[in-house]
Amino acid sequence: MVDWIEGRISGKRHWSQALYSLQIDAPLTDFQAGQYIKVALDVDGERVGRPYSLVNAPQEQPLEIYFNEVPEGPLTPKLSDLEIGDRIWISAKASGVFTMDNVVSRRDLWMLATGTALGVFLSILKTAEPWERFERIILVHGARNTGELAYGETIAELQAKHEGAFTFISALTRDSSETALQGRITNLLENGVLEDAAGAKITTNDSHLMLCGNSEMIKDVRAWLEAHGLHRHKRTEPGHYTTEQYH
Ligand SMILES: Cc1cc2nc3c(=O)[nH]c(=O)nc-3n(C[C@H](O)[C@H](O)[C@H](O)COP(=O)(O)OP(=O)(O)OC[C@H]3O[C@@H](n4cnc5c(N)ncnc54)[C@H](O)[C@@H]3O)c2cc1C
């Protein structure tokens, strides 16, 4: 049973197409960067809740979620209709283990995101811990087109703050841009383009990877990693990668 608390929409951003961010004022107890909350609305007398990663860092208010509207989805078309001041329900506690607690310190931390999974990495990158534990952090955002490359200001702030330690790479599947790679993250791993763009090799000694987003990317990247001797991290058996699947 989820223990729900009431929140109010305090900010809304429509990035492009079906992509939105909502800011929520709500008294959530402490959380760890990388965790998610459940967000719900009452639809036809029934509470419909779904998990969303927090984009804000634990030290920041308000809470923020980043999502795309799934036209046939029960919740997201209602979420994207919300306006400032509207009521929303959130779980009283955040959950999830996709945090720095389950990341092994090595030289490079790779963060691979598809679509709205970018948000969870921004929360983590706004905390001090990853920068203290890794020499380099490489954030890779896979999207369909340039319109889906959201949070440019936040990424630019991270680049300015962590010059030399931070590399941001975007990869587009249905569009081209001078500043983005072209293709799916998996293909760019297989043909070596991603490692070349990062100027780093993914190896058992030097790398930990965090994968977040759609099941296809996670499945394909996992297969590539396993074929290269990198294994899923377990608390009982330190490995090389951790995953969080959105759909
Ligand atoms: C731990 C966790 C964290 C999550 N965090 C986020 C987040 O930060 N941002 C976010 O956008 N989503 C996130 N999701 C997915 C989210 O919970 C919902 O499933 C999604 O927003 C769609 O909700 P819905 O009720 O409209 O449709 P649902 O009934 O949940 O899904 C309808 C259909 O859409 C597919 N689907 C679900 N999510 C997407 C998507 N993003 N793009 C395309 N198809 C999708 C589902 O597989 C299903 O086939 C997360 C999921 C999990 C398990």
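Strands here are DSSP runs of E with at least two residues, numbered from the N terminus. With that settled, let's work through this predicted model.

**Exercise 1. Find which strands supply at least two residues each of the shell around the ligand, and which gives the largest share.**

Step 1: Go through the strands in order; strand 4 (46-53), strand 5 (63-68) and strand 12 (241-245) each pass the test of at least two residues.
Step 2: Look for the largest share, which is the four residues from strand 4.
Step 3: Now sort the shell by residue class: nine residues are nonpolar, seven are polar and two are charged.
Step 4: Finally, pick out the residues that come nearest among the 18 around the ligand, namely R50, P51, Y52, N68 and T76.

**Exercise 2. Work out where the ligand lies with respect to domain 1 and domain 2.**

Step 1: Note the bounds, 4-91 for domain 1 and 100-245 for domain 2.
Step 2: Both domains give residues to the shell, so the ligand lies between them.
Step 3: Turn to the pockets: the ligand takes up the space of the largest one.

**Exercise 3. List polar contacts of the ligand with P51, T76 and T116, then state how much of the ligand the protein buries.**

Step 1: Use a cut-off of 3.5 Å between N or O atoms.
Step 2: For P51, the partner is a polar backbone atom, 2.7 Å from an oxygen atom of the ligand.
Step 3: For T76, an N or O atom of the side chain is 2.5 Å from a ligand oxygen.
Step 4: For T116, a polar side-chain atom lies 3.0 Å from an oxygen atom of the ligand.
Step 5: Add the surface view: the ligand taken alone exposes 870 Å², and the protein buries 75% of that.

**Exercise 4. Examine the backbone at P62 and Q17, and place each residue in its loop.**

Step 1: Recall the usual case: most residues other than glycine have a negative phi, and most peptide bonds are trans.
Step 2: The peptide bond from Q61 to P62 is cis, with omega near -5°.
Step 3: P62 belongs to the loop between strand 4 and strand 5.
Step 4: Q17, which is not a glycine, has a positive phi near 45°.
Step 5: Its place is the loop between strand 1 (4-16) and strand 2 (19-25).

Conventions
Residues numbered from 1 in each chain as written. Predicted model: local features only at pLDDT ≥ 70, side-chain atom pairs only at ≥ 80, totals over all residues. Heavy atoms only, no water. Near = heavy atom within 4 Å. Polar contact = N/O pair within 3.5 Å; in protein donor to acceptor, adjacent residues only side chain to side chain. Areas by Shrake-Rupley, 256 points an atom, 1.4 Å probe, with all protein chains shown as cover. 1 Å grid on protein atoms, 1.4 Å probe; cavity = no way out; pocket = protein on both sides within 12 Å on 5 of 7 lines; lining within 4 Å. Sits in = over half its atoms within 2 Å of the grid points. Nonpolar A, V, L, I, M, F, W, Y, C, P; charged D, E, K, R; others polar. Domains from an automatic or database assignment.
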